[in-house]
Amino acid sequence: MTDPGDPDRILATLTPRGTRRWIGVLVQAALGALLLLLSATMLRGSVLWSVTLAFVGVVALYGAFRLIRATEGWIELTREELRSSSGQVLARMENVRGVDRGAFAFKPSNGFLVTLNSSDGSRTWVPGMWWKIGRLVGVGGVTPASEGKFMAEMISALLAERDGPISDRDEESSS
């Protein structure tokens, strides 16, 4: 049996589901193919438009390929960090300021937004899974909403455990 206080114990996992994953890939690939077809069949259009459409079509097909590769993994939450299955750390828990699942939050679909105290300066995007820009980490995409909600609540619980009750913080700041 694992120790509940073990920092490497996985508290929550966010795994992409096959249906959402493949629908995302198919829509992205269909967009790319449609744009390539449109650029090839433009009869009276300018060459600039044909080249532009072809370029965007190739980028969309590349995005579909990246989505396949990116959604092979998962995201794990431990007491110490939020990390991908490849071991890349998305956020260390001591650096997390808060988590937002609100309807108007700038977050991925079925996911949540983590605000950090300080930025490490990296900008990363793993299509369909997570992104990181400055002090913001967006988690979600082709993942189930229930797992995203559970992980966000676990992060909130870890923050409440770390920071203590709000009334205790108010007493400390007034003294």
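Which residues of α3 are buried? The close-ups below take that up first, using a predicted model.

**Close-up 1. Helix α3 and its buried residues.** Here's the list: Glu147, Gly148, Met151, Ala152, Ile155, Leu158 and Leu159 are the buried residues of α3. Look down the helix axis and these buried residues fall within an arc of 135°, so they line one face of α3. They pack against β1 (12-14), β2 (75-77), β3 (81-84), β5 (96-100) and β6 (112-116). Flip to the face turned away from the buried side and you find the exposed residues Ser146 and Glu161.

**Close-up 2. The span of α3, and what follows the helix.** Helix α3 covers residues 145-163, which makes 19 residues. At 1.5 Å a residue the helix should span 27 Å, and its end C-alpha atoms are indeed 27 Å apart. Right after α3 comes glycine 164, with a positive phi near 80°.

**Close-up 3. Two salt bridges that involve α3.** Side chains of opposite charge can pair when their charged atoms come close. Arginine 17 pairs up with glutamate 147, with the closest N and O atoms 2.5 Å apart. That salt bridge ties the loop between β1 and α1 (18-41), home of arginine 17, to helix α3, and the two partners are 130 residues apart. Arginine 17 is partly exposed at 39% relative accessible area, while glutamate 147 counts as buried at 17%.

The other pair is arginine 79 with glutamate 161, whose closest N and O atoms are 2.8 Å apart. Arginine 79 sits in the loop between β2 and β3, and glutamate 161 is in helix α3, 82 residues away. Arginine 79 counts as partly exposed at 27% relative accessibility; glutamate 161 counts as exposed at 54%.

**Close-up 4. Lysine 132 meets aspartate 120.** This salt bridge has its closest N and O atoms 3.0 Å apart. Lysine 132 belongs to strand β8 (residues 130-133), and aspartate 120 to the loop between β6 and β7 (123-126), 12 residues apart. Is lysine 132 buried or exposed? Lysine 132 is buried, with a relative accessible area of 6%, whereas aspartate 120 counts as exposed at 53%. Elsewhere, salt bridges with shared partners join Glu76, Glu81, Arg83 and Arg92 into one network. The whole structure has 6 salt bridges.

**Close-up 5. A nonpolar patch on the surface.** Phe55, Val56 and Val59 make up this patch, and together they have about 280 Å² of accessible area. Phenylalanine 55 lies in helix α2 (residues 47-70) and is exposed, with a relative accessible area of 57%.

Technical notes: Residues numbered from 1 in each chain as written. Predicted model: local features only at pLDDT ≥ 70, side-chain atom pairs only at ≥ 80, totals over all residues. Heavy atoms only, no water. Patch = residues over 30% accessible without salt bridge, like charges linked within 9 Å, V, L, I, M, F, W, Y side chains within 5 Å. Areas by Shrake-Rupley, 256 points an atom, 1.4 Å probe, with all protein chains shown as cover. Salt bridge = Lys/Arg side-chain N within 4 Å of Asp/Glu carboxyl O. Helix = DSSP H or I, 4+ residues; strand = E, 2+ residues; numbered from the N terminus. Buried < 20%, exposed > 50% of the residue type's maximum accessible area, 1.4 Å probe, protein only. Expected span 1.5 Å × (residues − 1). Arc of directions from axis to C-beta. Contact = heavy atoms within 4.5 Å.
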